Structures are given as C-alpha cells and as structure tokens.
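Work through these exercises with the model open. Each task is followed by a solution in steps.

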Amino acid sequence: MVSPAIVLAFIPLIMTLIIRYRHHFLLFYRAVLVRMVLDCTTGISREERAFQYLLTHSLPGDPDSILDTFDHWSSRVEYMSNIGPKKGKVLDRLITDNAPLIVLELGTHCGYSAVRIARGLPLGARLYSVEMDERNAAIAEKVIRLAGFDDDTVELIVSPSEEVIPQLRERFGIDCLDFVFMDHWKRCYLRDLQLLEGSGLLGKGSIILADNIIFPGAPHFLRYVKSSGLYQHRIHQATLEYFRGIRDGMAELTFIGTK
C-alpha cells in the first residue's frame, strides 16, 4: 500500500504538470472526450454535425459566410482542427500574392481550407484536393459545393496521397504544381514531399505550405527541408487553431531547383 506521505509528496509535481499543460488537457477534453460523447448521443460523426450547422447558419454560395460559420463552430461549439482564421491569413496572402493556377491540397478533411484556397484563386485556376477518408470526403464535397465551387475549380480526389501523387501527371495532366498545401497526417509530410520531387511535379518557384509543423509536429520533415539545399524556407510562428495557449507554426517552402 502506498504511503500517504508519498502521495502528498507527488501533489506539487502533479499540480505543476496540470498548470503547465492545462491547454493540452483542455484540447484533449474538447477534441477527444466531447467528440466521443456526442458521437454516441447523436449517432452521427463530428463532421456531419459540422455540416448540419453550416446548413442552418451560413449563406449558400458565400465562401466568407461558410468560413466564418466554420470558425464559430470550431471555437465555440465543437472543436475541429481547421487551419483557422489566424493561420489562414498566411495561406490567403500566399495565394493572393502568387496567383497559382495549379494547386494541390493534401488533406481535405471537411473542406474548410479548400474553400479558403478556392476563394482566392485567379480565374481559370484549379485546386486538386486529396482526402483518403471517404466519409470526410463526402462531407467536404457538400461543403465545397455549398460554398459555390464546382468541379472546374475544385476537384476532390478520394485516395491516399502516396497513391495520388505519382498519378498526377498521367491521370490529371499536371506537369508542374504552382502551390501545395499540406495539412494531412504529419508523419506523411516528408514522404509526400519527396514523392513530389521524385515525380518532377515541383518547378523552380513552386511553393509548399505545411501546417502544424510544431504541434503535433513534423521534425523529420523540417530537418530534411533545412538540410536538402532544395528549398528556401521560412517558419511562420503561430498558435494551434482555436487554442491560444499551444504553440504551433507553418513552414513556407520555395523550391529553388534540383541538386
């Protein structure tokens, strides 16, 4: 049996950990525990709940309204890890300043960032958005169309990224990507970046923006980018979407040529 004195000795340490990581505990509560309870009580997924909220609180055909409603849902109703409005401004600026014609998004989820990208694209540009989860893709398809974007502007590809990237040239006729947004599984960032390189889909000046490189983090990806000599890189310091207390960041890469 554990002595009460030993238990008391650990209380200061436990309290210190709780205070230090209180934002992480809150994130776990909102993103995991609340979701589990609502999944059981509502009988539908978090993504479906978010879409129902969009249907009743946003204006169809208005991308700004879709995004604002999504942000309210994620910050005030039920947490969802969209890029969010603050980091979204970095994405907005890069799209506006560079006016890319061919854009690849890895990780559609519910379509938030696809809508954010599509609203800033120049006339005639096209976004190819890749999502491996069929249920999330079905929701994303409805969100993207609700925002007013058709297949000519946003094409949703339902398949794992490692299968899609090698097929982009032959199947979709893509010779070079102007812009790539990575927001899928962080452990896949490095693999997919190297697949893009190996497939010859990056040209001089191609831009890659990778989200959540601090939290949850993509350390192998960052080490490779900094040591490869293939990229100019910049880290945009930020906090986790809808959580001020958790540090995060985005990596902006510019491809400068082959070795």
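Buried means under 20% relative accessible area, exposed means over 50%, and partly exposed lies in between (1.4 Å probe, protein chains only). The model is predicted, so local features need pLDDT of at least 70 and side-chain atom pairs count only at pLDDT 80 or more, while totals for chains, interfaces and linings use all residues. Residues are numbered from 1 along each chain as its sequence is written, and side-chain values use heavy atoms, with hydrogens and water left out.

**Exercise 1. Cysteines**

Task: Classify Cys 176 and Cys 40 by accessibility, and state how many disulfides a search of the whole structure finds.

Solution.
- Step 1. Cys 176 has 30% relative accessibility, so Cys 176 is partly exposed.
- Step 2. Cys 40 reaches 68%, so Cys 40 is exposed.
- Step 3. Recall the bond: a disulfide links the sulfur atoms of two cysteines covalently. The criterion here is a pair of cysteine sulfur atoms within 2.5 Å.
- Step 4. The whole-structure search gives 0 disulfides. For Cys 40, the nearest cysteine sulfur belongs to Cys 110, 19 Å away.

**Exercise 2. The sheet**

Task: Give the strand order of the open sheet, and explain why S3 and S6 each have one side without a neighbour.

Solution.
- Step 1. Fix the terms. Helices (H or I, at least four residues) and strands (E, at least two) are DSSP runs, numbered from the N terminus. Two strands pair if DSSP finds at least two bridges between them.
- Step 2. Read the order of the 7 strands: S3-S2-S1-S4-S5-S7-S6, with mixed pairing.
- Step 3. S3 (154-158) and S6 (231-239) are the edge strands. Each has a single partner strand, so one side of each lacks a neighbour in the sheet.
- Step 4. From one strand to the next, the twist averages 15°.
- Step 5. Look at two pairs. S1 and S2 are parallel over 5 bridges, and Val 103 has Leu 127 in S2 as its bridge partner. S4 (177-182) and S5 (202-210) are also parallel over 5 bridges. There, Met 182 is bridged to Ala 210 in S5.
- Step 6. Check the cover on S2: 5 of its 6 residues are buried.

**Exercise 3. Two helix pairs**

Task: Which angle label fits H10 with H12, and which fits H2 with H3?

Solution.
- Step 1. Two packed helices are described by the angle between their axes and the distance between the axes. Axes are lines fitted to C-alpha atoms, for helices over the stretch in contact, and angles run from 0 to 180 degrees between N-to-C directions.
- Step 2. Set the labels: under 35 degrees is roughly parallel, over 145 roughly antiparallel, 65 to 115 roughly perpendicular, and the rest oblique.
- Step 3. The axes of H10 (189-198) and H12 (219-228) come within 8 Å and cross at roughly 40°. H10 is therefore oblique to H12.
- Step 4. List the contact (heavy atoms within 4.5 Å). Tyr 189, Leu 190, Leu 193, Gln 194 and Glu 197 of H10 meet His 220, Phe 221, Tyr 224 and Val 225 of H12.
- Step 5. Sort by class. Ala, Val, Leu, Ile, Met, Phe, Trp, Tyr, Cys and Pro are nonpolar, Asp, Glu, Lys and Arg are charged, and the others, Gly among them, are polar. The H10 contact with H12 has 6 nonpolar, 2 polar and 1 charged.
- Step 6. H2 (22-42) and H3 (46-57) pack at about 80°, with axes 10 Å apart. H2 is therefore roughly perpendicular to H3.
- Step 7. Ala 31, Arg 35, Leu 38, Asp 39 and Thr 42 of H2 make this contact with Arg 46, Glu 47 and Arg 49 of H3. Its classes are 2 nonpolar, 1 polar and 5 charged.

**Exercise 4. Backbone and burial**

Task: Find where Asn 212 sits, and say whether Thr 108 is buried or exposed.

Solution.
- Step 1. Asn 212 is in the loop between S5 and H11. Its phi is positive, about 60°, although Asn 212 is not a glycine.
- Step 2. Asn 212 is at 5% relative accessibility, so Asn 212 is buried.
- Step 3. Thr 108 lies in the loop between S1 and H6 (112-118). At 2%, Thr 108 is buried.
- Step 4. Beyond four places in sequence, Thr 108 touches residues including Ser 129, Ala 140 and Leu 156.
- Step 5. Finish with a peptide bond: Phe 215 to Pro 216 is cis, with omega near 0°.
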